[in-house]
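Hello,

Here is the structure I promised to pass on to you. Have it open while you read, and follow each part along in the viewer.

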Amino acid sequence: TTDFGIKEALATLGLKDINEGTSTGSNNFSNGEIIESYSPVDGKLIGKVKSTTKEDYEKVMTTATAAFQTWRTMPAPLRGEIVRQFGDKLREKKEALGKLVSYEMGKSYQEGLGEVQEMIDICDFAVGLSRQLHGLTMHSERPGHRMYEQYHPLGVVGIISAFNFPVAVWAWNTALAWICGDVCVWKPSEKTPMCGVACQNIAAEVFAANDLPEGICCLINGDYKVGELMSKDTRIPLVSATGSTRMGKIVAKEVAGRLGKTLLELGGNNAIIVTPDADIKMTVIGAVFGAVGTAGQRCTSTRRLIIHDSIYDKVKDAIVKAYGQLRIGNPLDENNHVGPVIDKDAVKGYQAALTKVVEEGGKIIVEGGVLSGEGYESGCYVKPAIAEAKNSFKIVQHETFAPVLYLLKYSGDVTNALDAQNGVAQGLSSAIMTNNLREAEHFLSVQGSDCGIANVNIGTSGAEIGGAFGGEKDTGGGRESGSDAWKVYMRRQTNTINYTTELPLAQGIKFDL
Ligand code: NAD
């Protein structure tokens, strides 16, 4: 059997394999319990990483806060130059990192490479942005006065990330935070610790080559307890947390309790509305990729298809037929469409969802099931399943992080579809498939989708880095990546300068001495 070049990839990324000890990564003082990382691809141990203790965390924070003193005084375009070099380093290591992402997380190699490409893209975006951290000037009401606002760095940004985008989410945050003059402390998911160490090694090389303090880029490892150290820490003005709504609610409360800021990127329950004017071929491609890509473990995965009753059977048949052609297996083998889910707990969640949808009155139309036998030894491969359901079902309201797609029927006009689409707690991504201008515009209007992302004739899954990324309601309200998302990583200051010999007060108030 081939290892698909994993050993070589680990070496390229400065990671130790299981016979060589634990991978710590630079500027990582971790001395705690060992986290073993098993691949969902073949069930084998990939490597070991030490978790961060409270004492280790204090050391990290000392280096980070000290590094901030240097980094914040470096002109933003020069910080951009460092991010440019980081992007170049990612280009060099793209194949190795993409492979590790695929092997440790289970998404396809193509998607692994895509994730690294997103990191490169956000670096390019950040480099340009480093010369465009614009404030505003405004007219003062007082004569001889000038007024403007400017943005300053915040300090230490804490990043907590999920397993499903083990490298890109970190880069979305760091590339922007760095050009803004912040330093970052990152806690990757305990399910993908090797990806964390690999990224840390790549970034640390760039900072070392430029004689910059390592503390600009810090890594801490472990589970929620290590994450809690950051949410409780008043030295961290901003915690950017990506993961489940459950986690987001805990972190939000903790950080708000000390009046810190959060950027929350939480769960989705994304739907595609398929109207009578939809292009069926495009709908099938968008829906199937959206539902089974990354084995249904994207925050933007398509979970619900809301189909007009006049074309329901036609769309259903086309999708069921497409599911029949899916090949499930090793995601490093490019012939396969669907890889494993992250672990056996995810398999249980998937099985429970299929049981529940039937209990609530749904009908399974593409059978699920856990695969076993050769090639499926990890026990994490499941068959993408489809159920006919109702939006009101509890299970349909819930984000099951697995390849389970619910078909829902609507009748009448698009407002009925929108009621279902918006009728869930989450508000991340949404789409409409239609060639009808009125429907499309209604969907995008104030009466339309209530999600952070609303697409026309594109599925729900995936996004470009140029736009602000995030969602409303239980998705947490944060915006990351493109557009003006950088502003959350900075503090705004309003400045008024008097260049006269008088001291007039605002609002015409007189105060004669
Ligand atoms: P998770 O919530 O279990 O874990 C996410 C991260 O939070 C991990 O690093 C974990 O250790 C940490 N964490 C958990 N509890 C914590 C606490 N109390 N305090 C501090 N840190 C804590 O999520 P997961 O299973 O890794 O990822 C899947 C979820 O992430 C899905 O709900 C998915 O939709 C969501 N997600 C959202 C986005 C987005 O941009 N909106 C992107 C990716 C994933």
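Let's begin with a sheet in this predicted model. Seven strands make up an open sheet, arranged in the order β13-β14-β15-β12-β11-β17-β18, and the pairing is mixed. At its edges you will find β13 (363–366) and β18 (453–456), each of which pairs on one side only. If you go from strand to strand, neighbours in this sheet are turned by 25° against each other on average, ignoring direction.

Now zoom in on the β13 edge. β13 and β14 (residues 385–388) run antiparallel and are joined by three bridges. To see how the partners line up, look for Val366, whose bridge partner in β14 is Ile386.

At the other end of the sheet there is a helix to look at. Helix α15 (residues 437–444) lies across β11 (270–274), β17 (429–433) and β18, and runs at about 175° to β18.

There is a second sheet to visit. This open sheet has three strands in the order β4-β5-β22, with antiparallel pairing. β4 (136–138) and β22 (490–498) are the edge strands; each has a single partner strand, so one side of each has no neighbour in the sheet. From one strand to the next, the twist averages 20°. Nine bridges link β5 (residues 145–153) to β22 in the antiparallel sense. A good pair to find there is Met147, which stands opposite Thr496 in β22.

Next, have a look at two helices that pack together. How do α4 and α5 meet? Helix α4 (residues 94–105) packs against helix α5 (residues 109–129) at an angle of about 125°, and their axes are 7 Å apart. Angles that are neither roughly parallel, roughly antiparallel nor roughly perpendicular count as oblique, which is why α4 is called oblique to α5. The crossing of α4 past α5 is right-handed. On the α4 side the contact is made by Lys94, Leu97, Gly98, Lys99, Val101 and Ser102, while α5 brings Tyr109, Gly112, Leu113, Glu115 and Val116. Sorted by character, the residues of this contact are five nonpolar, three polar and three charged.

Finally, a word on the record. An unreviewed UniProt entry carries the annotation "domain: Aldehyde dehydrogenase" for residues 32–494. In the model, the chain over residues 32–494 is 39% helix and 21% strand, and the C-alpha atoms at its two ends are 44 Å apart.

Enjoy exploring, and write back with any questions!

Best wishes

Methods: Residues numbered from 1 in each chain as written. Predicted model: local features only at pLDDT ≥ 70, side-chain atom pairs only at ≥ 80, totals over all residues. Pairing = 2+ DSSP bridges. Helix = DSSP H or I, 4+ residues; strand = E, 2+ residues; numbered from the N terminus. Axes fitted to C-alpha atoms, helices over the stretch in contact; angles between N-to-C directions. Contact = placed C-beta atoms within 7 Å. UniProt positions renumbered as here; feature names shortened; annotations may be inferred. Parallel < 35°, antiparallel > 145°, perpendicular 65-115°, else oblique. Left-handed = near helix turned anticlockwise from the far one by under 90°. Nonpolar A, V, L, I, M, F, W, Y, C, P; charged D, E, K, R; others polar.
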